[in-house]
Amino acid sequence: MGIIRKLQVERAQNLSYSESFLQNEDLLPVPEEKRTWGHWNFIAFWVADSFNINTWMIVSSMVQLGLSWWQAWICVWIGYGVVAPFIVANARPGAIFHVTFPVVARTSFGVWGSLWCVFNRGAMACIWYGVQASIGGSCVLVMLRAMWPSVNNIPNSMPASSGTNTRDFMCFFLFWLISLPAIWFPIHKIRHLFTVKAAVVPVAGITFFIWCIVKAHGVGPIIHQPATLEGSALGWGMVSSIMSCISNMATLVTNAPDFASRARRPSAAGLPQLISVPLGFSIVSFFGVIVSSSSQAIYGEAIWSPIDLLGKFLDGEPSHATRFGVWFISASFIIAQLGTNISANSISAGCDLTALFPRFINIRRGGYVAAIVGLCMLPWNLLKSSNSFTSYLSAYSVFLSSIAGVMITDYYVIHKGHYNVKDLYHARSDGWYWYTYGINFRAYAAYIAGILINVVGFAGATGRTVPLSATRIYEMSFFTGFGVSALIYWTLNLIFPVRGMNECRRFEEMDVSAGMDAGVAYEPRSSDEFDKKSAVSDAVRSVRSNA
């Protein structure tokens, strides 16, 4: 029992058994001293997040699909411009009430029903952590090659069954290792990493951009390459490309409250995100298409991966200047990949695992669990063993869009901005979010309906033969999943009104429990206890006064 007590995280004393599964320090509303994210921090976050290898290559699939480069770039602008309002909309309750995604999900799915949504997102965050770390390992390899060319010739001592070799595993492990200190920092302090990334990585990206144009004596042939699609095929090609941009952001739409909970003011999580998301991702994708076009002029083939292109620069006998340039750019990509893995995966997994095991896991410990899972899952084997693995990961946005549809509809349409914060942290049957034994069947019916409309098309994405109409529906999966789940959820709430719905007659962002005394718990607590429960309503009242 002594060991178990030492493993437990800091939390309120004298909790009931059910309450011990619903709260710890990282699940309670963020105290005012930890709300440190201002307008520029959110801008720096998205500028930093947009500079990663996946964004750099996003236009490649569109050009290979048959679009011209400018048609593909328009799709990027539209896709990220459309998804930005969804991010802002789902971030709003986090910015107002300073709670993370697992707690926000309780308002619509129920105090226990939310755990399935949290588990789904947490599992995918752990898997993506390993995948992104594997990509980061390739950046480390190029950086080490720039410093010591002999690294490329390290003899292999690993068996073929491992799926990798000594050189690649060493680079993967080094990236995995240097990521660990970043996980240690709490969310309200990790903003400094994104500030550094926003300062360093764009400089490297612009340098790479100019270097390739100079090296190719121009922008290359891809810029002059016309579209190979026309008519309806072109139209659906552009729709598919737009939706790929939106689907890539489905995870960040869902976990938007995680970072918004640290906002100094609700406005910090509004306009800055609305502008910086489409602007940042569009600029980076433009760099990617120009650099790849230049690579075709240099090497006779389009090299879409910036890391592969940097590796090409090191072939033969590169000059010291070339090696330094490659080192600087690849080191910057390591920072870029590290920041992306922290923002999209480590913190997400930490918040989710905190909700699943609040007695033993906080956000920091959850981040380290994700790192361990990312190492143990041997991500290079997953990527090599199945051509459809990335299709499965991308298609997972169907499940997330259905969750987002329910959450956003509940906040803006059903409860109209009203929260009962105290009821988020107990499992009594008289609470707003108890629903039916802690599960909101309306939310689950809507969630399943949003998935079902895309099931046939999802099967087609994994290689099965399906009707064209199902494929078209699936190509718009974010909107079909979001729209169907939102509509079904709204309809069911009209037929079966939830507790508190009649009190929410007009949209007003407020905590209806803020006027009650003693925070979450109704029974009084002694003054010498570590009782964070009373901080719940105090935190909400303070943010309302600062809004």
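His39 is partly exposed, its relative accessible area being 37%. In this predicted model, His39 belongs to helix α2, which covers residues 39-50. Although His39 and Arg265 are 226 residues apart in sequence, their C-alpha atoms are 8.7 Å apart in space.

**Salt bridges**

A search of the whole structure yields 10 salt bridges. Three of them are set out below.

| Pair | Closest N to O distance |
|---|---|
| Glu509 and Arg92 | 2.8 Å |
| Arg121 and Asp258 | 3.2 Å |
| Lys312 and Glu301 | 3.8 Å |

In the salt bridge between Glu509 and Arg92, the closest N and O atoms are 2.8 Å apart. This pair links distant parts of the chain, with the two positions 417 residues apart in sequence numbering. Glu509 is located in the loop between α22 (477-495) and β2 (510-511), whereas Arg92 is part of helix α5 (residues 69-97). The two partners also fall into separate accessibility classes: Glu509 has a relative accessibility of 11% and counts as buried because the limit for that class is under 20%. Arg92, with a relative accessible area of 28%, is partly exposed.

The side chains of Arg121 and Asp258 form a further salt bridge, at 3.2 Å from N to O. Here too the pair links distant parts of the chain, since Arg121 lies in helix α7 (residues 114-147) and Asp258 in helix α12 (residues 256-260), 137 residues apart. Arg121 and Asp258 are both buried. The pair is also part of a network of salt bridges that links Arg121, Asp258 and Asp352.

Lys312 and Glu301 meet through their side chains at 3.8 Å, N to O. Lys312 is in helix α14 (residues 306-313) and Glu301 is in the loop between α13 (271-299) and α14, so this salt bridge ties together parts that are 11 residues apart in sequence. Lys312 is partly exposed, with 29% relative accessible area, and Glu301 is likewise partly exposed, with 41%.

**A nonpolar surface patch**

Which residues form a nonpolar patch on the surface? The patch consists of Trp70, Ile74, Trp77, Ile78, Leu271, Leu274, Ile275, Leu279 and Ile283, and together these residues have about 790 Å² of accessible area. Helices α5 and α13 each contribute at least two residues to the patch. The greatest contribution comes from α13, which provides 5 residues. One of the patch residues, Leu271, is placed in helix α13. Its relative accessibility of 53% makes Leu271 exposed, because that class begins over 50%.

**Packing of α7 and α8**

Helix α7, which carries Arg121 of the buried salt bridge, packs with helix α8 (residues 166-184) at an angle of about 115 degrees. The axes of α7 and α8 are 7 Å apart. At this angle, α7 is roughly perpendicular to α8. The crossing in which α7 passes α8 is right-handed.

Technical notes. Residues numbered from 1 in each chain as written. Predicted model: local features only at pLDDT ≥ 70, side-chain atom pairs only at ≥ 80, totals over all residues. Heavy atoms only, no water. Salt bridge = Lys/Arg side-chain N within 4 Å of Asp/Glu carboxyl O. Helix = DSSP H or I, 4+ residues; strand = E, 2+ residues; numbered from the N terminus. Buried < 20%, exposed > 50% of the residue type's maximum accessible area, 1.4 Å probe, protein only. Patch = residues over 30% accessible without salt bridge, like charges linked within 9 Å, V, L, I, M, F, W, Y side chains within 5 Å. Areas by Shrake-Rupley, 256 points an atom, 1.4 Å probe, with all protein chains shown as cover. Axes fitted to C-alpha atoms, helices over the stretch in contact; angles between N-to-C directions. Parallel < 35°, antiparallel > 145°, perpendicular 65-115°, else oblique. Left-handed = near helix turned anticlockwise from the far one by under 90°.
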